[in-house]
Amino acid sequence: MSPFDAIDRLHTLPYCIIDILPKQVPADGEGQYFKIEQYFLSEPQRGIIDRRFANVLLKLNCYKDLTVCLAATDKHLDNPTPQELEEMVMSRQPLSILLDGSQSLIDITGDDHYMTFYGHNEETLNLINSIATAEGLHLWKP
């Protein structure tokens with residue numbers, strides 16, 4: 001199975017959000033979600049979030065093999081160098097990162113303040129939660 005076939009399959013599974021916020025904001029919430037979202041998507045806050053995403057993936061790669069698929073092309077890299085991985089995340093291009101032998105997936109759209117984790121591997125989920133928490137991020141289910 002190609003990495004891109006695995007991505008399509010994994011997109012049908014339940015998912016969790018790796019986010020700067022600790023839980024989903026209710027649709028009828030009283031706060032200023034959209035104004036705050038725009039604030040966090042502007043520099044320098046956006047660069048800080050991208051750095052946290054890169055750190056999560058770099059630390060995760062200490063424990064798991066990663067296959068990074070570039071959404072705009074048919075290219076993929078198995079276990080890119082730390083510098084390559086950092087550069088891909090910091091460039092804000094959409095990425096799909098396969099792990100657990102293509103049984104789990106992390107998507108980065110490039111224009112959001114969260115990443116999405118797809119898969120059922122509880123061990124990987126707990127590891128991501130620990131790493132995300134250390135980076136000041138939160139893992140929650142929608």
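**Group meeting talk: burial, charges and rings in one chain**

Of the 142 residues of the protein chain that you see above, 41% count as buried, and I should say at once that we are looking at a predicted model. Let me begin with the overall form and then move to individual side chains.

The secondary structure of the protein chain comes to 5 helices and 7 strands, and if you read from the N terminus on, the elements follow the order α-β-α-α-β-β-α-β-β-β-α-β. Taken along the principal axes, the C-alpha atoms of the chain fill a box of roughly 45 × 30 × 25 Å. For 142 residues, a compact globule would be expected to have a radius of gyration near 14 Å, and the value for this chain is 15 Å, which agrees. If we take the contacts between residues at least 6 apart in sequence, 66% of them join residues at least 24 apart, and I would like you to keep that figure in mind as we go through the examples.

Let us turn to charges. Side chains of opposite charge can pair when their charged atoms come close. How many salt bridges does a search of the whole structure find? The search finds 6 salt bridges, and I will go through some of them with you.

One of them is between R92 and E43, whose side chains meet at 2.4 Å, N to O. This pair links distant parts of the chain, since R92 sits in the loop between α4 (82-90) and β4 (95-99), while E43 sits in the loop between α2 (33-40) and α3 (45-60), and the two are 49 residues apart. R92 is partly exposed, because its relative accessible area is 30%, and its side chain also meets that of D50 in a salt bridge of 2.5 Å, N to O. Here R92 is in the loop between α4 and β4 and D50 is in helix α3, so this salt bridge ties together parts that are 42 residues apart in sequence. Is D50 buried or exposed? D50 is buried, with a relative accessible area of 2%. These contacts belong together, in that E43, R46, D50 and R92 are linked in a network of salt bridges.

Another salt bridge joins the side chains of E86 and R51, again with 2.5 Å from N to O. Because E86 lies in helix α4 and R51 in helix α3, this pair ties together parts that are 35 residues apart in sequence. Both partners are partly exposed, E86 with a relative accessibility of 28% and R51 with one of 30%.

Now consider a charged residue for which the picture is another one. D19 lies in strand β1, which covers residues 15-19. D19 is buried and yet has no salt bridge, for the nearest side chain of opposite charge, R52, is 9.2 Å away. What does the side chain of D19 join in a polar contact of 3.5 Å? The partner is the side chain of W140. If we leave aside the neighbours within four places in sequence, D19 is in contact with H113, Y114, L137, H138 and W140.

E135 is found in the loop between α5 (122-134) and β7 (138-140), and E135 is buried, with a relative accessible area of 12%. Its C-alpha atom and that of F53 are separated by 8.3 Å, although the two residues are 82 residues apart along the chain. Beyond its neighbours within four places in sequence, E135 is in contact with R52, N55, V56 and K59, and its side chain is joined to that of K59 by a polar contact of 2.5 Å.

My last topic is the aromatic rings. A pair of aromatic rings is described by the distance of the centres and the angle of the planes. A search of the whole structure finds 3 aromatic pairs. Among them, Y15 and Y118 form a tilted pair, with 5.7 Å centre to centre and 50° between the planes. This pair, too, links distant parts of the chain, with Y15 in strand β1 and Y118 in strand β6 (residues 114-118), 103 residues apart. Y15 is partly exposed, at a relative accessible area of 38%, whereas Y118 is buried, at 12%. Y39 and F40 form an edge-to-face pair, with 5.4 Å centre to centre and 75° between the planes. Y39 is partly exposed at 46% relative accessible area, and F40 is partly exposed at 28%.

Key
Residues numbered from 1 in each chain as written. Predicted model: local features only at pLDDT ≥ 70, side-chain atom pairs only at ≥ 80, totals over all residues. Heavy atoms only, no water. Helix = DSSP H or I, 4+ residues; strand = E, 2+ residues; numbered from the N terminus. Buried < 20%, exposed > 50% of the residue type's maximum accessible area, 1.4 Å probe, protein only. Lys, Arg positive; Asp, Glu negative; His and termini not counted. Salt bridge = Lys/Arg side-chain N within 4 Å of Asp/Glu carboxyl O. Polar contact = N/O pair within 3.5 Å; in protein donor to acceptor, adjacent residues only side chain to side chain. Contact = heavy atoms within 4.5 Å. Phe/Tyr/Trp six-rings, centres within 6.5 Å; stacked < 30°, edge-to-face > 60°. Rg over C-alpha atoms; globule rule 2.2 N^0.38 Å.
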